[in-house]
Amino acid sequence: MSQCLARLWRYAMVLSRKPDVADDLVQSTCVRALERCAQVVDRAGADRWFFSILHSIWVNELRAQHVRQGQGFVDVSETDAPADAFSFEDRHWHTQVMQRVNALPEAQRNAVFLVYVEGFTYQEAAMTLSVPIGTIMSRLAAARLSLAKDTGTGAQPQQGEKK
């Protein structure tokens, strides 16, 4: 269970970008999950159920507070940084990747996190975010293009851009 809590907190940080808000989101998720534990049919998919609850709570809070604008950036050191055993170059690379991912629009950042970090299938990510699977595929494609463009690794210029 503690591993699941760490993953939920990491996702809450991706959503909120604030440690105290992430703590509150995880706590609210646990409370709601306990209240509705009878709804769990597939124990193997319980982790996806937790992620779905957390995302739902986040969206509901955003709607209630109207605070989509003005969120601060997560300090890269607050995310799961590589262990000290990694070289300086690896830590530096990790920091650069996290900065680029954090700069993505929220919808793309969420899709990238669920699929590439948490290992959800496209279908699982779509169910978690309550969007069609094509939306996940589109968000991931746009995120990959943006990240490749940032690194200068062969991304094609957009219409109207100069090569």
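Me: Does Ala46 count as buried or exposed?
Reply: This is a predicted model, in which local features need pLDDT of at least 70 and side-chain atom pairs count only at pLDDT 80 or more, while totals for chains, interfaces and linings use all residues. Residues are numbered from 1 along each chain as its sequence is written, and side-chain values use heavy atoms, with hydrogens and water left out. A residue is called buried under 20% relative accessible area, exposed over 50% and partly exposed in between (1.4 Å probe, protein chains only). Because Ala46 has a relative accessibility of 17%, Ala46 counts as buried.

Me: In which helix is the place of Ala46?
Reply: Helices here are DSSP runs (H or I, at least four residues; strands are E, at least two), numbered from the N terminus. Ala46 belongs to the run that covers residues 46-65, and the name of this run is helix H3.

Me: How many Å separate the C-alpha atoms of Ala46 and Ala33?
Reply: Along the chain, Ala46 and Ala33 are 13 residues apart. In space, the separation between their C-alpha atoms is 9.7 Å.

Me: How many helices and how many strands does the chain have?
Reply: Reading from the N terminus on, the elements run α-α-α-α-α-α-α. The count for the chain is therefore 7 helices and 0 strands.

Me: What share of the residues in the chain is buried?
Reply: The chain has 163 residues, and Ala46 is one that counts as buried. Taken over the chain, buried residues make up 34%.

Me: Which residue in the loop between helix H1 and helix H2 is found there with a burial of 9% relative accessibility?
Reply: The loop in question lies between helix H1 (2-16) and helix H2 (19-35). The residue has a phi near 65 degrees, a positive value in a residue other than glycine, although most residues other than glycine have a negative phi. With a relative accessibility of 9%, the residue that counts as buried is Arg17.

Me: Is Ser130 buried or exposed?
Reply: Ser130 is found in the loop between H6 and helix H7 (133-151), and its phi is near 55 degrees, again a positive value in a residue other than glycine. Since its relative accessibility is 67%, Ser130 counts as exposed.

Me: At what angle do helix H5 and helix H6 pack?
Reply: Axes are lines fitted to C-alpha atoms, for helices over the stretch in contact, and angles run from 0 to 180 degrees between N-to-C directions. For helix H5 (residues 106-117) and helix H6 (residues 122-129), the axes are 9 Å apart. The angle at which H5 and H6 pack is about 135 degrees.

Me: Which residues in H6 meet H5?
Reply: Contact means heavy atoms within 4.5 Å. The H5 side of the meeting is made by Asn110, Ala111, Leu114, Val115 and Tyr116. On the H6 side, the residues are Tyr122, Ala125, Thr128 and Leu129.

Me: What is the relative accessible area of Leu114?
Reply: Leu114 lies in helix H5, and, not counting residues up to four places away in sequence, Leu114 touches Tyr11, Phe51, Gly119, Phe120, Ala125, Thr128 and Leu129. Of the residues touched, Ala125, Thr128 and Leu129 are among the buried residues of H6. Leu114 is itself buried, with a relative accessible area of 0%.

Me: How many Å apart in space are Leu114 and Ile136, C-alpha to C-alpha?
Reply: In sequence, Leu114 and Ile136 are 22 residues apart. In space, C-alpha to C-alpha, the distance between Leu114 and Ile136 is 10.0 Å.
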